[in-house]
Amino acid sequence: MDKKKILTICGVVLVIAVVAICIVISQSAKQDLEDAQNDLQETYEKYGWVEKETVDVLVGKFNAQVVDNSSLNPASSDYSTISDGTYSYGLITGIWLFVEPEEFKNDSSTEMVDYMTIYVKKSSEYANDSLEYAKYLIKANNSEITDTEIDTLIKEAKEKAASGTTANNGKGISVGYVEDDESYQYQVKRLYK
């Protein structure tokens, strides 16, 4: 055989090999994308999701729960601060509402909430009110959750605290509980689609 035929055959074989590799890579990427979409769908089915809400809207919903159902103090901008991208509202001595947006822009009217926390100093004379605040926080984050479900979420969150995991009932929020020697927190994480 002459060199020209050998080079042509090698070139054709090389082109076929490159095309075959591209097809395999393309199919693999397509399969990976389908697997990721299936995993995401399974996550939504298992944990649920809620619509995105801004800091201002969710603080308003929390305040509506507090005012409509108790004599506790609502969150007020008069007693609020911003530190390290977190909004903090003093509720009563030793108890705060913290709101963490997904992306801090210093504009609570447009920032979407990632999670919210009731933070309690154990030394607070009002620490007994924290459970009630936590229940209103959960209800504000998903108004379809029943009081029984709220109680179950809080109980499970406390049970799972040692493992660092949260409680979830498939309705788009997860509830966590964190405790140390001086304080404890009820956390509500929002799950978005």
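This note goes through a predicted model of one protein chain, point by point.

1. Overall make-up. The protein chain holds four helices and seven strands. Read from the N terminus, its elements follow the order α-α-β-β-β-β-α-α-β-β-β. The chain has 193 residues, of which 35% are buried. Among contacts with a separation of 6 or more, 53% are between residues 24 or more positions apart.

2. The sheet. The seven strands make an open sheet, ordered β1-β2-β3-β4-β7-β6-β5, with antiparallel pairing. At its edges are β1 (80-83) and β5, each of which pairs on one side only. Strands of a sheet pair through backbone hydrogen bonds, in either a parallel or an antiparallel manner.

3. The β4/β7 pairing. In the sheet order, β4 is followed by β7. These two strands run antiparallel and are joined by seven bridges. One residue pair to look at is Met 116, whose bridge partner in β7 is Val 188.

4. The β6/β7 hairpin. Strand β7 (residues 183-190) is also joined to β6 by seven bridges, again antiparallel. The two strands form a hairpin, with three residues between them. Ile 173 has Arg 190 of β7 as its bridge partner.

5. The β5/β6 hairpin. On its other side, β6 pairs with β5 (residues 167-168), an antiparallel pairing that rests on two bridges. Asn 168 has its bridge partner in β6, namely Ser 174. Four residues lie between the strands of this hairpin, and Gly 170 takes a positive phi near 85 degrees there.

6. Burial of β6. How many of the seven residues of β6 are buried? Five are, so strand β6 (residues 173-179) is largely enclosed by the rest of the structure. The strand also gives two or more residues to the largest nonpolar core, described next.

7. The nonpolar core. The largest nonpolar core has 38 residues, and those with the most contacts inside it are Phe 62, Leu 97, Val 99, Ile 118 and Ile 138. Two or more residues come from each of α2, β2 (86-92), β3 (95-101), β4 (113-121), α3, α4 (147-160), β6 and β7. Helix α3 gives the most, with six residues.

8. Ile 118. This residue is among those with the most contacts inside the core. Neighbours within four places in sequence aside, Ile 118 is in contact with Phe 62, Leu 91, Ile 95, Trp 96, Leu 97, Ser 130, Tyr 133, Ala 134, Leu 137, Tyr 184, Gln 185 and Tyr 186.

9. Ser 130. Is Ser 130 buried or exposed? Its relative accessibility is 1%, and because buried means under 20%, Ser 130 counts as buried. Ser 130 lies in helix α3 (residues 130-141). Beyond residues up to four places away in sequence, Ser 130 touches Ile 95, Ile 118, Val 120, Tyr 184 and Tyr 186.

10. The largest pocket. Its volume is about 250 Å³. It is lined by 14 residues, and those closest to its centre are Glu 53, Lys 61, Asn 141, Asn 142 and Ser 143. Helices α2 (55-69) and α3 each supply at least two residues of the lining. By type, the lining divides into six charged, four polar and four nonpolar residues. Both α2 and α3 are also among the elements that give two or more residues to the nonpolar core.

11. Positive phi outside glycine. Most residues other than glycine have a negative phi. Where does Asp 84 sit? Asp 84 is found in the loop between β1 and β2, and its phi is positive, at about 50 degrees, although it is not a glycine. With a relative accessible area of 76%, Asp 84 is exposed. Asn 106 is another residue other than glycine with a positive phi, near 60 degrees. Asn 106 is in the loop between β3 and β4 and is exposed, with a relative accessible area of 52%. Exposed means over 50%.

Note on methods: Residues numbered from 1 in each chain as written. Predicted model: local features only at pLDDT ≥ 70, side-chain atom pairs only at ≥ 80, totals over all residues. Heavy atoms only, no water. Buried < 20%, exposed > 50% of the residue type's maximum accessible area, 1.4 Å probe, protein only. Contact = heavy atoms within 4.5 Å. 1 Å grid on protein atoms, 1.4 Å probe; cavity = no way out; pocket = protein on both sides within 12 Å on 5 of 7 lines; lining within 4 Å. Points joined across faces, edges and corners; volume = space filled by probe spheres on them. Nonpolar A, V, L, I, M, F, W, Y, C, P; charged D, E, K, R; others polar. Pairing = 2+ DSSP bridges. Core = buried A, V, L, I, M, F, W, Y, C linked by side-chain atoms within 4.5 Å.
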